[in-house]
Amino acid sequence: MLRPALRPYWDLAVYVNTPRSVRQHRLRQRAQNTSGRIRRWSAAEDVYLRLADPANAADVVVRGW
């Protein structure tokens, strides 16, 4: 994670930018993830992406699949 509080501890930060549709598909494929858990995870992820802005904080951004 590229949380602001942890950034001073890294020499290099890499962010893997994977499309939301791919992330959602992977969540659904994991048997332990219920629809409620996926909704909570997605909501938390949205907050993290908005507040932490990890792509702009990273030294390197790579495209994920």
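Which residues does Thr18 touch, leaving out those up to four places away in sequence? Hold that thought for a moment, everyone, and good morning.

A word on what we are looking at: this is a predicted model. The protein chain has an average pLDDT of 93, and 100% of the residues score at least 70. Confidence is highest in strand β2, residues 60-63, at 97, and lowest in α1, where the mean is 93.

Back to Thr18, then. Its contacts, not counting residues up to four places away in sequence, are Arg23, Arg26, Gly64 and Trp65. You will find Thr18 in the loop between β1, residues 14-17, and α1. Although it sits in a loop, Thr18 is buried, because its relative accessible area is 9%, and the cut-off for buried is under 20%.

Now let's move along to helix α2, which runs over residues 35-52. With 18 residues at 1.5 Å each, this helix should span 26 Å, and its end C-alpha atoms are 25 Å apart, so the two agree. Which residues of α2 are buried? They are Gly36, Ile38, Ser42, Glu45, Tyr48 and Ala52. If you like, follow the spacing along that list with this in mind: an α-helix has 3.6 residues a turn, so residues three or four places apart point the same way. The cover over these buried residues of α2 includes α1, residues 20-29, and α3, residues 54-57.

One residue on the α1 side of this is Gln24, which lies in helix α1. Gln24 is buried, as its relative accessible area of 14% shows. Setting aside neighbours within four places in sequence, Gln24 contacts Ile38 and Ser42, and both of those are on the buried list for α2.

On to charges. How many salt bridges does a search of the whole structure find? The search turns up 2. In one of them, the side chains of Arg20 and Asp46 meet at 2.7 Å, N to O. That pair links distant parts of the chain, with Arg20 in helix α1 and Asp46 in helix α2, 26 residues apart. Arg20 counts as partly exposed because its relative accessibility is 35%, and Asp46 counts as partly exposed at 32%.

Glu45 also forms a salt bridge, with Arg23, and the closest N and O atoms there are 3.1 Å apart. Here too, distant parts of the chain are linked: Glu45 is in helix α2 and Arg23 in helix α1, 22 residues apart. Is Glu45 buried or exposed? Glu45 is buried, with a relative accessible area of 15%. And you may remember Arg23 from my opening, where it was among the contacts of Thr18.

Let me also point you to the end of α2. Just after this helix comes Asp53, with a positive phi of about 45 degrees, in a residue other than glycine. Asp53 belongs to the loop between α2 and α3, and it is partly exposed, with a relative accessible area of 35%.

Last stop, the nonpolar core. The largest one has 6 residues: Leu2, Ala13, Tyr15, Tyr48, Ala52 and Ala58. Helix α2 has a share in it, through Tyr48 and Ala52. For Ala13, the contacts beyond four places in sequence are Leu2, Ala57, Ala58, Asp59 and Val60. Leu2 and Ala58 are fellow members of that core.

That's my tour, so thank you, and do take a look at the structure.

Technical notes:
Residues are numbered from 1 along each chain as its sequence is written. This is a predicted model: local features need pLDDT of at least 70, side-chain atom pairs count only at pLDDT 80 or more; totals for chains, interfaces and linings use all residues. Side-chain values use heavy atoms; hydrogens and water are left out. A nonpolar core is a set of buried Ala, Val, Leu, Ile, Met, Phe, Trp, Tyr and Cys residues joined through side-chain atoms within 4.5 Å. Buried means under 20% relative accessible area, exposed over 50%, partly exposed in between (1.4 Å probe, protein chains only). Contact means heavy atoms within 4.5 Å. Helices (H or I, at least four residues) and strands (E, at least two) are DSSP runs, numbered from the N terminus. The expected span of a helix is 1.5 Å times one less than its number of residues. A salt bridge is a side-chain nitrogen of Lys or Arg within 4 Å of a carboxyl oxygen of Asp or Glu. pLDDT is the predictor's confidence in each residue, from 0 to 100.
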